[in-house]
Amino acid sequence: MSEITTTAWTATPGVTETHELSLTTQGPLYPPSEVMDADGDFVVVGMINRTTREGATEPEWGAAVVSPDSPLPEFGTLAPYTVLRELDTDPDGADRDLVLHTLPLPLPCNNYPMVFAPEQSPDAHRVERPSHAFHEVPIPDLRPEDGPKVTEPVTLGAWLRASGTLEVGVTPDGHRGTFDFAFSRLVPNSVYTVMSLRARDLDPAGPTRPGPLGVPNVFTTDAEGNGRYHATMPDPFPDPERSGANRIINVVVLWMSYRRSYGGAIGEFGLGGDIHAHLKLRGASFQNLRTTAAPQS
């Protein structure tokens with residue numbers, strides 16, 4: 001029998017929560033964004049590292065154009081972003097026509113020591129690619145006669161119209177978590193995936209690899225940008241005091257610029273190279289949910 005039993009920790013069977021997802025262009029704080037503009041500057045909707053009156057660096061939620069030459073600290077520490085200007089986040093505002101681009105490779109202003117697809121792309125950090133407008137990404141093996149569906153520029157105004165809700169809960173047996181998403185006004189006719197962020201994925205002492213929220217973790221949007229996604233995950237909310245616990249604390253909805261999914265990886269390059277965070281929760285969540293490991297025979 002496993003050392004972990006169903007009675008070792010208290011579960012919350014049948015408990016559900018509903019969350020509104022927040023618009024973003026950001027994964028971790030470095031690179032500052034997973035989206036750039038035509039000038040090669042980061043388009044940040046998320047946490048902006050700013051200098052406080054006391055001289056400290058603290059992140060606060062906002063939106064700004066940030067220089068790729070911003071100071072780059074060691075992983076796990078912060079430095080203030082070099083903010084070039086603030087962004088207008090009204091979908092009909094002054095920045096509505098800003099055309100969104102991928103990040104070039106190698107990723108600029110990146111300190112995250114992670115190989116996202118160790119079997120598929122173990123040398124991803126050595127690959128060089130330019131930045132591309134989202135609608136002009138060179139999809140592998142694509143021919144014009146194959147009928148690409150995203151052919152017009154993806155603008156910040158359109159990006160900012162998206163919305164999504166998540167209902168998350170624990171199954172009656174206490175061993176699994178369910179995640180049900182509904183989306184509106186995402187990029188139409190697109191491939192999206194959903195990833196999980198776990199408590200130790202950004203641990204400076206030894207980060208774990210972020211993974212899909214279910215496999216396959218894919219949904220496609222219709223012509224209006226609507227979509228749905230469901231996943232059932234084994235023991236996603238262990239008690240934090242359990243040995244080896246690595247809880248899911250957030251979920252991130254990713255627009256896939258190369259129109260692909262990557263099996264057990266969230267992408268080959270991550271962080272704006274081939275995945276682009278569009279919706280997520282603003283901070284660590286699901287603290288009131290608990291699951292237990294299923295019995296092992």
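**Exercise 1. In this predicted model, work out the strand order of the four-stranded open sheet and say which strands lie at its edges.**

Solution.
Step 1. Begin with E6 and E7. Strand E6 covers residues 163-170 and strand E7 covers residues 176-184; eight bridges join them, and they run antiparallel. One facing pair in this ladder is Val 170 and Gly 177.

Step 2. Extend the sheet on the E7 side. Strand E11, residues 227-234, is joined to E7 by eight bridges and is antiparallel to E7. Here Ala 182 has Arg 228 in E11 as its bridge partner.

Step 3. Extend the sheet on the E6 side. Five bridges join E1 to E6, again in antiparallel fashion. Thr 16 stands opposite Gly 169 in E6.

Step 4. Put the pairs together. The order is E1-E6-E7-E11, with antiparallel pairing, in an open sheet. E1 (16-20) and E11 are the edge strands, since each pairs on one side only. On average, neighbouring strands of this sheet are turned by 15° against each other, direction ignored.

**Exercise 2. Describe the connection between E6 and E7.**

Solution.
Step 1. The two strands form a hairpin, with five residues between them.

Step 2. Look at the backbone of the turn. Gly 174 has a positive phi there, of about 80°.

**Exercise 3. What is the strand order of the three-stranded open sheet, and which are its edge strands?**

Solution.
Step 1. Take the pair E4 and E5. Three bridges join these strands, which run antiparallel. Within this pair, the bridge partner of Ala 64 is Glu 86 in E5.

Step 2. Add the remaining strand. The order of the open sheet is E3-E4-E5, and its pairing is antiparallel. E3 and E5 are the edge strands, each pairing on one side only.

Step 3. Note the twist. From one strand to the next it averages 55°.

**Exercise 4. Which residues touch the most other members of the largest nonpolar core, and which elements give two or more residues to this core?**

Solution.
Step 1. The largest nonpolar core has 40 residues, and those touching the most other members are Leu 21, Phe 179, Phe 181, Phe 183 and Leu 213.

Step 2. Assign the core to elements. Those giving two or more residues are strand E3 (42-51), strand E4 (57-66), helix H1 (156-159), E6, E7, strand E8 (191-198), E11 and strand E12 (248-256). The largest share, four residues, comes from E12.

Step 3. Follow Leu 21. Leaving aside neighbours within four places in sequence, its contacts include Leu 166, Phe 181, Phe 183, Val 251, Val 253, Leu 279 and Leu 281.

Step 4. Check for a second core. Another one, of 32 residues, lies apart from the core just described, and Ile 48, Val 66, Tyr 81 and Ile 266 are among its members.

Step 5. Set this against the general pattern. In soluble globular proteins, nonpolar side chains tend to be buried together.

**Exercise 5. Which residues of the lining are closest to the centre of the largest pocket, and which element gives the most to the lining?**

Solution.
Step 1. The largest pocket holds about 620 Å³ of space.

Step 2. It is lined by 34 residues, of which Gly 27, Pro 28, Leu 29, Leu 197 and Leu 202 are the closest to its centre.

Step 3. Two or more lining residues come from each of E4, E8, E12 and strand E13 (275-280). E12 gives the most, with four residues.

**Exercise 6. Are Pro 138 and Ser 190 buried, partly exposed or exposed?**

Solution.
Step 1. Locate both residues. Pro 138 is in the loop between strand E5 (83-86) and H1, and Ser 190 is in the loop between E7 and E8.

Step 2. Apply the cut-offs: buried means under 20% relative accessible area, exposed means over 50%, and partly exposed lies in between. Pro 138 has 43% relative accessibility, so it counts as partly exposed. Ser 190 has a relative accessible area of 2%, so it is buried.

Step 3. List the contacts, leaving aside neighbours within four places in sequence. Pro 138 is in contact with His 132 and Tyr 258. Ser 190 is in contact with Val 150, Phe 219, Thr 220, Thr 221 and Trp 255.

Step 4. Place each residue against a distant one, C-alpha to C-alpha. Pro 138 and Arg 198 are 32 Å apart in space and 60 residues apart in sequence. Ser 190 and Pro 172 are 34 Å apart in space and 18 residues apart in sequence.

Methods. Residues are numbered from 1 along each chain as its sequence is written. This is a predicted model: local features need pLDDT of at least 70, side-chain atom pairs count only at pLDDT 80 or more; totals for chains, interfaces and linings use all residues. Side-chain values use heavy atoms; hydrogens and water are left out. Two strands pair if DSSP finds at least two bridges between them. A nonpolar core is a set of buried Ala, Val, Leu, Ile, Met, Phe, Trp, Tyr and Cys residues joined through side-chain atoms within 4.5 Å. Buried means under 20% relative accessible area, exposed over 50%, partly exposed in between (1.4 Å probe, protein chains only). Contact means heavy atoms within 4.5 Å. Axes are lines fitted to C-alpha atoms, for helices over the stretch in contact, and angles run from 0 to 180 degrees between N-to-C directions. On a 1 Å grid over the protein atoms alone, a cavity is a set of points where a 1.4 Å probe fits but cannot get out, and a pocket is an open set with protein on both sides within 12 Å along at least five of seven lines; lining residues have an atom within 4 Å of a point. Grid points are joined across faces, edges and corners, and a volume is the space filled by probe spheres set on the points.
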